[in-house]
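I opened my notebook for a quiet look through this model. Here is what I looked up, entry by entry.

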Amino acid sequence: PAELVLGGGPPLWDSAEESQHYLPTKEVRVAELPALVAATRPGVDRTLGLLRRLYPLEGARLRLADLYVARYDADGGVSGLQLHVDAYTLSFSVALNAADEYGGGGLEFDALGQVRREPQGNALLFPSKLLHRGVPVARHGTRFALIGLVSVGEDELWAAGAGAPPGGASAK
């Protein structure tokens with residue numbers, strides 16, 4: 001999917017504030033590029049199925065509220081994100097390029113005190129209200145991640161049951 005965004009034509013990366021309105025990002029909304037929609041649909045469908053199995057949703061409706069490719073650069077621009085929670089109920093982040101293509105980077109969960117640098121193609125699935133940050137890409141390269149924000153049920157927020165896995169889950 002990153003190649004679809006990086007291909008020729010006018011620059012697609014916006015510097016606008018992200019959907020949560022307080023975190024500046026470089027991103028491309030998947031819905032803006034039909035080829036990106038087609039390329040991401042199978043993986044997103046698998047990820048939504050995993051979320052349904054990992055969390056006690058009791059038949060609640062899952063809705064993909066936002067889906068975008070985020071770009072973090074070592075050479076200026078946006079290199080990472082500050083600690084935050086996401087605006088919806090469940091979140092996922094899929095590594096779109098190999099960790100050796102950039103220095104630093106990754107996803108850090110405050111409660112776990114560790115940085116997760118997933119292999120290309122792996123997804124981290126987690127409750128959106130788990131405090132996390134995008135660790136800055138510091139030494140070289142560019143990190144690309146597919147970010148999905150999922151609402152559950154009728155409300156934008158869903159109270160997680162006791163059976164939810166702590167700290168999120170990793171899947172390939």
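**Entry 1: Val-28 and ground rules**

I began with Val-28, which is buried, with a relative accessible area of 1%. Here buried means under 20% relative accessible area, exposed over 50%, and partly exposed in between, using a 1.4 Å probe and protein chains only. Val-28 sits in strand S1, residues 26-29. I also looked up its C-alpha distance to Leu-146: 9.6 Å, for two residues 118 residues apart along the chain.

A note to myself on the source: this is a predicted model, in which local features need pLDDT of at least 70, side-chain atom pairs count only at pLDDT 80 or more, and totals for chains, interfaces and linings use all residues. Residues are numbered from 1 along each chain as its sequence is written, and side-chain values use heavy atoms, with hydrogens and water left out.

**Entry 2: the chain overall**

I found two helices and eleven strands in the protein chain. These are DSSP runs numbered from the N terminus, with helices being H or I of at least four residues and strands E of at least two. Along the sequence the pattern reads α-β-α-β-β-β-β-β-β-β-β-β-β. Of the chain's 172 residues, 48% count as buried. Taking contact as heavy atoms within 4.5 Å, I saw that 78% of the contacts with a separation of 6 or more join residues 24 or more positions apart.

**Entry 3: the cores**

Which residues have the most contacts inside the largest nonpolar core? They are Leu-51, Phe-92 and Leu-146, in a core of 23 residues. Two or more residues each come from helix H2 (34-54) and strands S2 (62-73), S4 (90-95), S8 (123-127) and S10 (137-152). A nonpolar core here is a set of buried Ala, Val, Leu, Ile, Met, Phe, Trp, Tyr and Cys residues joined through side-chain atoms within 4.5 Å. A second, separate core has twelve residues, including Tyr-68, Tyr-72, Ala-145 and Ile-147.

Setting aside residues up to four places away in sequence, I listed what Leu-146 touches; among them are Val-30, Val-44, Leu-67, Phe-92 and Leu-96.

**Entry 4: helix H2**

I checked the length of H2: its 21 residues should span 30 Å at 1.5 Å a residue, and the end C-alpha atoms are 30 Å apart, which agrees. The expected span is 1.5 Å times one less than the number of residues. H2 does have a kink of about 40 degrees at Arg-41, shortly before Pro-42. That bend is the angle between axes fitted to the seven residues ending there and the seven starting there. The buried residues of H2 are Leu-36, Thr-40, Val-44, Thr-47, Leu-48 and Leu-51.

**Entry 5: a pocket beside H2**

The second largest pocket has a volume of about 200 Å³. On a 1 Å grid over the protein atoms alone, a pocket is an open set of points with protein on both sides within 12 Å along at least five of seven lines, and lining residues have an atom within 4 Å of a point. Points are joined across faces, edges and corners, and the volume is the space filled by probe spheres set on them. H2 gives the largest share of this lining, six residues.

**Entry 6: Gly-141**

Last, I turned to Gly-141 in strand S10. Gly-141 is partly exposed, with a relative accessible area of 24%. Beyond its neighbours within four places in sequence, Gly-141 contacts Tyr-72, Asp-73, Ala-74, Glu-101 and Tyr-102.

Terms used. On a 1 Å grid over the protein atoms alone, a cavity is a set of points where a 1.4 Å probe fits but cannot get out, and a pocket is an open set with protein on both sides within 12 Å along at least five of seven lines; lining residues have an atom within 4 Å of a point.
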